[in-house]
Amino acid sequence: MDWTRATIQPGLSGLNPSHTLSYLGFEQASWVQAVYGPSLASEPDTSATILNALHSVFDAAPNALHHAPAERFSDEASQPALKKPRGVVDSLSYHLRHTAYHRGQVALVLKEFP
């Protein structure tokens, strides 16, 4: 959820101080220093709180895509990434593939535990 908040919106319309990656181990990276703030949910929260936060983030992502300025999809557009700036389109593509990978992992685990 927070990876989506800190990847899609900053790439399309700039950094938002309410986003965070601080607990994922990237705290000292310079690009993370500009992406800060509380997560919408954390592990001890209720299932309803976590699901509401997930829905909020994943519902906002397509909205960010639809309202992004056209120049954010140019070959020259970049955004902060782990080691160096990354192309916005490449970053979005990678993020979508990575999210699909994790959804597949969850689906597999759910099949094992009916």
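Here, a residue counts as buried when its relative accessible area is under 20%. By that yardstick, 26% of the 114 residues in this chain are buried. Keep in mind that you're looking at a predicted model. The chain has 4 helices and 2 strands, and they run in the order α-α-α-β-β-α along the sequence.

**The chain as a whole**

- The accessible surface adds up to about 7600 Å², and carbon and sulfur atoms make up 60% of that area.
- Take the contacts between residues with a separation of 6 or more: 41% of them join residues that sit 24 or more positions apart.

**Helix 3**

- Helix 3 covers residues 47-67. Its 21 residues should span 30 Å at 1.5 Å a residue, and the end C-alpha atoms are indeed 30 Å apart, so expectation and model agree.
- If you're after the buried positions here, look at Ala53, Val57, Ala61 and Ala64.
- Ile50 is also part of helix 3, but it comes out as partly exposed because its relative accessible area is 26%, and the buried class stops under 20%.
- Leaving aside residues up to four places away in sequence, Ile50 touches Ala41, Ser42, Glu43 and Asp45.
- Asn52 lies in helix 3 too. With a relative accessibility of 54%, Asn52 goes down as exposed, because that label applies over 50%.
- Leu40 gives you a handy reference point for both residues. Ile50 is 10 residues from Leu40 in sequence, with 7.9 Å between their C-alpha atoms. Asn52 is 12 residues from Leu40 along the chain, and there the C-alpha atoms are 9.0 Å apart.

**Helix 4**

- Helix 4 takes in residues 88-112, which makes 25 residues. At 1.5 Å a residue that should give a span of 36 Å; the end C-alpha atoms are 37 Å apart, so this one agrees as well.
- The buried residues to look for in helix 4 are Val88, Ser91, Leu92 and His95.

**Rings and charges**

- How many aromatic pairs does a search of the whole structure find? The count is 0.
- Rings do turn up next to charges, though. The charged end of Arg86 sits over the ring of Tyr94, at 4.8 Å from the ring centre.
- Arg103 lies over the face of Phe58, with 5.4 Å to the centre of that ring.

Methods: Residues numbered from 1 in each chain as written. Predicted model: local features only at pLDDT ≥ 70, side-chain atom pairs only at ≥ 80, totals over all residues. Heavy atoms only, no water. Expected span 1.5 Å × (residues − 1). Buried < 20%, exposed > 50% of the residue type's maximum accessible area, 1.4 Å probe, protein only. Phe/Tyr/Trp six-rings, centres within 6.5 Å; stacked < 30°, edge-to-face > 60°. Lys NZ or Arg CZ within 6 Å of the ring centre and 35° of its normal. Contact = heavy atoms within 4.5 Å. Areas by Shrake-Rupley, 256 points an atom, 1.4 Å probe, with all protein chains shown as cover.
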